[in-house]
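Work through the exercises below with the structure open beside you. Try each task before reading its solution.

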Amino acid sequence: MELGTQILVVGGGLGGVAAALTAARLGRNVVLTEPTAWLGGVLTSQAVPPDEHPWIESFGCTRTYRQFRDGVRRYYRTHYPLTAEARERRSLNPGAAWVSGLCFEPRVALAVLEGMLAPHRSSGRLRVLLRHRPVAADVDGDVVKAVTFLGGDTGEKVTVTAPWVLDASETGELLPLCGVEYVTGSESVARTGEPHASAEDRPLNMQPVSVCFAMDHRAGEDHTIDRPPGYAEFRDARALDWPEGQLSWVAPHPKTRKPQLHTFVPDPAGDVAAIGPDYADERVDSRDTNLWTFRRIAARDTFLPGTYAGDITLVNWPQSDYWGGPVFEVPEDEAARHLARARNLALSLLYWLQTEAPRPDGGTGLPGLRLRGDVVGDTADGLAMAPYIRESRRIEAQYTVVEQDIALDVRGSRGAVTYPDSVGVGSYRIDLHPSTGGDPYIDVACCPFELPLGALLPVRVRNLLPAARNIGTTHITNGSYRMPPVEWNVGEVAARLVAFCDEMGAPPGAVRDTSGLLDDFRGRISASGVELRWPEVAGY
């Protein structure tokens with residue numbers, strides 16, 4: 001089958017959804033492809049509640065991202081039997097989790113995103129191809145002509161031609177297929193000058209992947225799973241900074257690398273309203289260490305009695321990080337082996353929790369922990385559909401954001417570098433988990449930062465733009481720019497840039513290089529709700 005469209009968006013994660021939604025609202029015809037059964041990426045098929053900055057309830061994201069967040073709360077108020085108090089709570093957090101001011105079930109995120117896209121799918125302006133992955137590309141010099149996909153259900157190949165292509169895939173899949181210059185892994189200090197850069201280029205030294213899962217606790221019942229393959233190996237391994245191994249309550253503190261003892265108390269008593277937006281503030285060190293409430297996605301006391309027998313929590317913990325090897329940029333059989341081992345690590349963590357985890361009463365194991373595969377997409381093994389990918393291939397960009405641009409200990413009171421071509425904002429610590437190359441945690445304070453347009457522009461290819469975590473960052477700065485609000489911002493701006501270039505008859509590089517075009521473009525996206533600068537508040 002062959003399809004033609006104005007804009008092809010490859011990858012239906014947050015960046016891809018934002019790009020497709022924006023392009024359709026601007027009147028463009030769009031084809032959006034996604035390799036899994038769900039749109040939404042990190043928030044849905046990967047089942048990760050959003051990591052955000054402490055000001056997200058007031059500013060620091062695009063208007064459309066805020067519409068999504070508001071939509072999640074509206075969905076709960078419309079469809080879920082909330083308590084009267086929860087229904088009236090402006091900053092409703094259905095999971096009452098302390099990782100974020102808004103934790104929710106993956107299906108809710110999916111429903112809201114699908115609702116935002118629904119009118120454009122009905123009009124025929126947007127066509128969505130689920131379970132389709134890119135396998136080939138037709139490229140003529142600096143121009144991508146078409147991309148071919150393989151349908152997972154039928155095995156049918158579909159070729160899509162388009163004058164504009166946006167790569168919003170989780171791993172930057174189009175970059176090698178289209179011959180786009182790109183970087184992977186950690187760059188050398190000689191290349192970037194970054195204080196925390198590697199001594200040499202290490203292209204396979206990447207952040208770990210995590211396979212997440214949801215669970216609840218049914219006291220008095222036994223839901224113990226079969227012992228997973230590789231369980232003893234995962235339990236007995238002793239990695240750097242893990243004195244008791246990864247399957248343990250003791251994990252390194254990301255900021256200090258010193259051992260930190262976590263607690264685990266299912267369905268704890270307490271006021272769910274006490275865990276408000278400020279609780280997720282990284283500047284606060286007195287937060288709870290109970291892993292149950294860390295990424296809880298349904299707090300039973302948020303809902304009317306009887307709605308939930310107990311809480312539902314989402315496991316994306318340090319104990320589930322798989323750093324055994326990269327899942328891309330290696331031969332397919334090796335990538336598949338690492339993906340399978342990542343899933344087995346997740347199952348091993350659950351099995352350890354059910355059978356060997358020390359309990360406060362001196363016993364071991366909580367067999368009542370029940371895997372909730374129905375919450376994350378009804379997969380065969382009960383885990384999330386797709387692994388959580390923290391680090392992608394990254395384009396060689398006209399401008400690459402480096403640690404010196406955003407790190408607090410470098411910039412100090414000056415704040416992050418102010419870019420004349422800023423097209424967005426974001427904020428998160430430079431957060432690197434133990435890597436596939438053996439690096440420990442790298443967790444560095446970061447200034448609220450801007451998104452430079454130059455980081456979205458490949459050095460050569462003219463009609464392909466990144467629209468997710470594949471922008472011009474480094475291994476280090478990707479640790480900050482990889483979070484959901486920024487990914488959405490990237491996808492939205494990429495779509496707006498394509499529409500602007502069409503209207504002006506100018507290539508993307510000319511928009512950045514021509515002051516009149518740049519000012520016009522930035523003015524338009526600002527009017528549409530894209531924040532270009534962080535607010536400055538002064539006394540008076």
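Four exercises with solutions follow, and they concern a predicted model.

**Exercise 1. The sheet**

Task: Find the order of the strands in the open sheet of 4 strands, and say which strands stand at its edges.

Solution:
- Step 1. Trace the sheet from strand to strand. The order is E14-E15-E11-E17, and the pairing is antiparallel.
- Step 2. Look for strands with a single partner. These are E14 (296-298) and E17 (369-371), so one side of each has no neighbour in the sheet.
- Step 3. Check the turn. On average, neighbouring strands of this sheet are turned by 35° against each other, direction ignored.
- Step 4. Zoom in on one pair. Strand E11 (residues 213-217) and strand E15 (residues 312-315) run antiparallel and are joined by 3 bridges. Phe213 has Val315 in E15 as its bridge partner.

**Exercise 2. Two helices**

Task: Decide whether H1 and H4 are roughly parallel or roughly antiparallel to each other, and name the residues that make their contact.

Solution:
- Step 1. Take the axes of helix H1 (residues 14-25) and helix H4 (residues 106-123). They come within 10 Å and cross at roughly 30°.
- Step 2. Apply the cut-off: angles under 35 degrees count as roughly parallel. H1 and H4 are therefore roughly parallel.
- Step 3. Add the hand. The crossing of H1 and H4 is left-handed.
- Step 4. List the contact residues. H1 supplies Leu14, Val17, Leu21, Ala24 and Arg25. H4 supplies Leu113, Met116, Leu117 and His120.

**Exercise 3. Two residues**

Task: Classify Val158 as buried or exposed, then do likewise for Thr293.

Solution:
- Step 1. Place Val158. This residue lies in strand E7 (residues 157-161).
- Step 2. Use the cut-off: buried means under 20% relative accessible area. Val158 has 0%, so Val158 is buried.
- Step 3. Find its contacts. Beyond its neighbours within four places in sequence, Val158 touches several residues, including Met1, Leu3, Leu129 and Phe149. Val158 and Leu3 are 155 residues apart in sequence, yet their C-alpha atoms are 7.4 Å apart in space.
- Step 4. Turn to Thr293, in helix H8 (residues 291-294). Its relative accessibility is 2%, so Thr293 is buried. Its side chain makes a polar contact of 3.0 Å with the side chain of Trp98.

**Exercise 4. A covered strand**

Task: Find how many residues of strand E20 are buried, and which strand pairs with E20 over 3 bridges.

Solution:
- Step 1. Count along E20 (residues 422-426). The strand is mostly covered, with 5 of its 5 residues buried.
- Step 2. Find the partner. Strand E23 (residues 449-452) pairs with E20 in the antiparallel sense over 3 bridges.
- Step 3. Name one bridge. Ser422 has Pro452 in E23 as its partner.

Technical notes. Residues numbered from 1 in each chain as written. Predicted model: local features only at pLDDT ≥ 70, side-chain atom pairs only at ≥ 80, totals over all residues. Heavy atoms only, no water. Pairing = 2+ DSSP bridges. Axes fitted to C-alpha atoms, helices over the stretch in contact; angles between N-to-C directions. Buried < 20%, exposed > 50% of the residue type's maximum accessible area, 1.4 Å probe, protein only. Polar contact = N/O pair within 3.5 Å; in protein donor to acceptor, adjacent residues only side chain to side chain. Parallel < 35°, antiparallel > 145°, perpendicular 65-115°, else oblique. Left-handed = near helix turned anticlockwise from the far one by under 90°. Contact = heavy atoms within 4.5 Å.
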